[in-house]
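Morning, everyone. I'll take you through one structure, starting at the ligand and ending at a small set of strands.

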Amino acid sequence: MKKRTAVTVRAVVPREPEVSAEESEPPGTIADKVGSVSHRSNSLGRLAELLETGLPGNGIGGELAQRASPRSLVFRARVFPEASPAQWQDWRWQMRHRFRDRAGLEQVLRLSGPEQEALDTGSGRLPLSITPYYASLLDPDDPGQALRRTVVPVPDELVRSTGEAEDPLSEDRNSPVPGLVHRYPDRVLFLVTGVCSVYCRYCTRSRMVGRHRHCFDPGLWEAALEYIAGTPAVRDVLLSGGDPLTMPGERLELLLGRLRAIPHVEIVRIGTKVPVVLPQRVTSGLVRMLRRYHPLWMSIHFTHPDELTPEVALACSRLADAGIPLGSQTVLLRGINDDVETMRRLVHGLMQNRVRPYYLYQCDPISGSAHFRTPVERGLEIIQGLRGHTSGYAVPTFVVDAPGGGGKIPLLPDPVAEREDGNLLLRNYQGRVFRYPDTAR
Ligand code: SF4
């Protein structure tokens, strides 16, 4: 068994918030109710007791257990002993207390040599940002842990390999106005903010996210909104960034209202990782606002089954209950989720949380991504290992986003064994071959 060594921790110095005052919904009503109790006792034993038994007479403990996993409760008590449950459940508090540098991270992780080196060299490709909630899921002693590798930099990300580029998908070239990518005939990608709550080290938009110059504000949205309003072919708008759900609710609502006022915009989609890394953001106030702008769809960026915590389950359940169809987007990452068993656990967990596995992406050849990228063959093997072995709904479409702006190209293991006398010989999920009498053209 792996030896675990305790890491000395202390509370992290609060940082400049990147969110403005928001929002109507007070955070963590249940947590508020239990706040005084936990605050008084403030001991791990008492927290464990609360989880097991609930609060006397009102069943609140059960709901608390549903929205805060034991792991995050223990982490909060250890790293932020002064924070109340209500503060922990407040997404703005989470944003203000993100880990942003080596000094902060050292308080919760035993950093490896390469991690220290990457953090010391300054910025790397992307800024560092990890919410306290997501940090509670990281293994403090294992730099090889899947989730940790996705958010803590290593020097490999500074190495540019053959074929890699800052903007491999040529999004900038397909941008008629700042912040808008118009590649497919009937839909546009609207990059509404440069801010994320957590920066993924393999981010396709690492050239722009987390950098001030790309923090689009409503003033900069005007040109994009005018373009959409003046282009009747656009019936589908995907809001992305950055992460749209890091924006204050009023700002997001302003944008949704403007888009809904354009008659030819039939659907709006939001691409986000917030329900996974900052599930506290999915308040009942947020979903009440979102449901006013249907038809609204959401693509959630999941990476690994370990992300499926009680907090994330609650966030997904709130969104699904608001009638928002949920799909997942997952990037295939070497040594992180590139095996059938991990992917099976992920897609089954997603289905249980009413999230339809949507896309499995081959990792884009962004600069410094070689240590994350797998052979395309690996993705096909995973699809082969899922299709037929589990519900069709649980099998995502494996796609390569073609470098140079070619768009998403789906790849499937080839099921056609051969053609014979007008028949197709087809291989099923068990590898057995069946004959189908194909019709002549
Ligand atoms: S959440 Fe999305 S946009 Fe933000 S860093 Fe991760 S992959 Fe990039």
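A definition before the ligand shell: Ala, Val, Leu, Ile, Met, Phe, Trp, Tyr, Cys and Pro count as nonpolar, Asp, Glu, Lys and Arg as charged, and the others, Gly among them, as polar. Keep in mind that this is a predicted model.

So, the ligand. On that scheme, its shell splits into 5 nonpolar, 3 polar and 3 charged residues. Which residues are they? Cys 196, Tyr 199, Cys 200, Cys 203 and Val 209 surround the ligand, together with Gly 241, Gly 242 and His 301, and with Arg 205, Asp 243 and Lys 273.

Next, helix 17, which runs over residues 376–386. Which of its residues are buried? Gly 379, Ile 382 and Leu 386 are. They sit on the same side of helix 17, because they cover an arc of only 60° around the axis. The general background: an α-helix has 3.6 residues a turn, so residues three or four places apart point the same way. What covers the buried residues of helix 17? The cover includes helix 16 (340–352), plus strand 6 (326–332), strand 7 (355–362), strand 8 (397–402) and strand 9 (407–411). After helix 17 comes Gly 388, with a positive phi near 90°.

Last, a sheet. It is open, has 3 strands in the order 10-11-12, and pairs antiparallel. Strand 10 (416–420) and strand 12 (433–437) are the edges, each pairing on one side only. On average, neighbouring strands here are turned by 25° against each other, direction ignored. Strand 11 (residues 423–427) pairs with strand 12 over 5 bridges, antiparallel. In one of the bridges, Arg 427 has Val 433 of strand 12 as its partner.

Note on methods. Residues numbered from 1 in each chain as written. Predicted model: local features only at pLDDT ≥ 70, side-chain atom pairs only at ≥ 80, totals over all residues. Near = placed C-beta within 6 Å. Buried ≥ 20, exposed ≤ 12 C-beta atoms within 10 Å, placed from the backbone. Helix = DSSP H or I, 4+ residues; strand = E, 2+ residues; numbered from the N terminus. Arc of directions from axis to C-beta. Contact = placed C-beta atoms within 7 Å. Pairing = 2+ DSSP bridges. Axes fitted to C-alpha atoms, helices over the stretch in contact; angles between N-to-C directions.
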